[in-house]
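Let's look at this structure together and ask how each label is earned. Here it is.

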Amino acid sequence: MSAATPLPSCLRIEADARDIHRAAIAAVDPLPVVRAALVFASVPPGARVFLIALGKAAHAMAQAAVESLQSRGMEPAAGLVVSHVDAPTPHPRVDVRVGDHPVPGDRSAAAAERLGDLVRQVSPTDVVWVMLSGGTSSLIGAPVATLTMAEFGELNALLLGSGLDIAQVNVIRKRVSRWGAGRLARALEPAVVRALVISDVPDDDVAAIASGPLSPDPNTVDDVTGLLKDAQLWTRVPPAVRDLLARDETVETPKRDDPAFRHVTIGIVASNETAVRAAMARAAELGYATERATTALDAEAAEVGDALAVELLALAREAGPRCRVRGGEPVVSLGDASPNARGGRSQELALAAARRLAGADGRRTMALLAAGTDGRDGPTDAAGALVTPRTWPAVAEARRDPAHDLAAHDAYRALEAAGALLRTGPTGTNVMDIAVLLVR
């Protein structure tokens, strides 16, 4: 097929979906957004500047910060980058560490300890630029002194498979995290702290992003224990965690009136909303009438996928090329799923949508893309998936039972068999997930 030959409609719509997803990722690229945010960041004469970059976007955010300092004829006094992948340091004085994700382990504990070493170098007259992005809670995940790393990891694994949304998970785990719930702000006091944040939580709540290391904790111990009990997790958490929460006077966290926050400023530089708007703008450039999808991405992934497919089928009855976009983060309750099952929330969403789309009227082409913005959906090498009415039958033709795979939370293998996985590689950012619905 020559370059001038138009793509068949079924291929064009899939190419458009990938194009729209790429535009969403580009809009939350950490390097340009941090560069822009630091243009007007002031540094008092003679002050030293320390850099702390944590999360999946840490490398690019730190690079932008170093460039900003060097454009002023300055160098960082010291710094630390902690991410999920290794990369060269942006500056000889900046240490680079790799943490564990999605469940904290020994590397996370070592990174948390190294952060403590850096914090102890900061004096009251210094300035600290802190850059936070998704994944920080795990990457520097380490417990408060009375818990072991094994107990902390067990708690994190339980929460991530519980079906609680990310905000609820963070309310619980930051309570027992060494650097969560405002504890980093307290350790840096009284230095001036400027934080730039790429949000990976709904409503861009800075107390939830990265477990709120620089933010007052609005929740009490009673809130945490109540949430665990309501979710029927209280008897399943490690006994040491229950004992710790029972001693509420020892684990209460810094609140809004704490002096630790007097010299802290926090700005959101990119978010899920940024990605959604960019996706809609690119869809419009490609000739689609665009609007927000009505289905929220904040419930069980399979339920969300089915509802989005219903929405897509209804959209197909309207005239002209049409696109709907939605952002957020569905959840997956693993229950007693096999430890050999593979997948992620976007893949499970997509496979559930494929079931509903199977056998749809072929007079119009349609596609649904669901993917994480970080390039890694669950513990897999896929960002998500792109499904059409042909996907579900294709799984069966590959001699897999798609219904069984969906029920077993084994969406990865089903979608791989159908050639529907979306692989982007690590994107260097993270602003939750997006879903793109297209009809031509």
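Q: This is a predicted model. What makes helix α2 and helix α3 a packed pair, and at what angle do they pack?
A: Helix α2 (residues 30-38) and helix α3 (residues 58-71) have axes 8 Å apart and pack at an angle of about 35°. The crossing of α2 and α3 is right-handed.

Q: Which residues of α2 and α3 meet?
A: On the α2 side they are P30, L31, V34, R35 and L38. On the α3 side they are A60, M61, Q63, A64, A65, E67 and S68. Sorted by class, the contact of α2 with α3 has eight nonpolar, two polar and two charged residues.

Q: Why are α6 and α7 called roughly antiparallel?
A: The axes of helix α6 (residues 149-160) and helix α7 (residues 166-173) cross at roughly 160° and come within 10 Å. Angles over 145 degrees count as roughly antiparallel, and therefore α6 and α7 are given that name. The crossing in which α6 passes α7 is right-handed.

Q: What residues make up the meeting of α6 and α7?
A: From α6 come F152, N156, L159 and L160, and from α7 come V169, I172 and R173. The contact of α6 with α7 has five nonpolar, one polar and one charged residues.

Q: Why is α13 said to be oblique to α14?
A: Helix α13 (residues 301-315) and helix α14 (residues 345-357) pack at an angle of about 45°, and their axes are 7 Å apart. Angles under 35 degrees count as roughly parallel and those from 65 to 115 as roughly perpendicular. The angle here belongs to neither group, so α13 is oblique to α14.
A right-handed crossing takes α13 past α14. The contact draws on A301, A302, V304, G305, D306, L308, A309, V310, L312 and L313 of α13, together with R345, E348, L349, A352, A353, R356 and L357 of α14. By class, the residues of the contact of α13 with α14 are 12 nonpolar, one polar and four charged.

Q: How do you know which strands stand at the edges of the sheet β3-β2-β1-β4-β5-β6?
A: This open sheet has six strands in that order, with parallel pairing. Its edge strands are β3 (94-98) and β6, as each pairs on one side only. From one strand to the next, the twist averages 15°.

Q: What makes β2 and β3 a pair?
A: Two strands pair if there are at least two bridges between them. Strand β2 (residues 78-83) and β3 have five bridges, in the parallel sense, so they pass that test. V82 stands opposite R97 in β3.

Q: How many bridges link β5 to β4 and to β6?
A: Six bridges join β5 to strand β4 (residues 127-132), and the two run parallel. β5 also pairs in the parallel sense with strand β6 (residues 264-270), over six bridges. V193 can be followed across both pairings: V193 is the bridge partner of V128 in β4, and V264 in β6 is the bridge partner of V193.

Q: Why is β5 described as mostly covered?
A: Strand β5 (residues 192-198) has seven residues, and five of them are buried. Buried means under 20% relative accessible area.

Q: What makes R194 partly exposed?
A: R194 is in strand β5. Partly exposed lies between under 20% and over 50%, and R194 has 28% relative accessibility, so R194 counts as partly exposed. Leaving aside neighbours within four places in sequence, R194 is in contact with A37, L38, A41, V128, W129, V130 and T265.

Q: Why is D243 called partly exposed?
A: D243 is in helix α10 (residues 239-246). The relative accessible area of D243 is 46%. Exposed begins over 50% and buried is under 20%, so D243 counts as partly exposed.

Q: Why do β7 and β11 stand at the edges of their sheet?
A: Their open sheet of six strands has the order β7-β8-β12-β9-β10-β11, with mixed pairing. β7 (289-292) and β11 (421-422) each have a single partner strand, so one side of each is left without a neighbour in the sheet. Within this sheet, strand β9 (residues 366-372) runs antiparallel to strand β10 (residues 384-387), joined by four bridges. A385 in β10 is the bridge partner of A370.

Note on methods: Residues numbered from 1 in each chain as written. Predicted model: local features only at pLDDT ≥ 70, side-chain atom pairs only at ≥ 80, totals over all residues. Heavy atoms only, no water. Buried < 20%, exposed > 50% of the residue type's maximum accessible area, 1.4 Å probe, protein only. Axes fitted to C-alpha atoms, helices over the stretch in contact; angles between N-to-C directions. Left-handed = near helix turned anticlockwise from the far one by under 90°. Contact = heavy atoms within 4.5 Å. Nonpolar A, V, L, I, M, F, W, Y, C, P; charged D, E, K, R; others polar.
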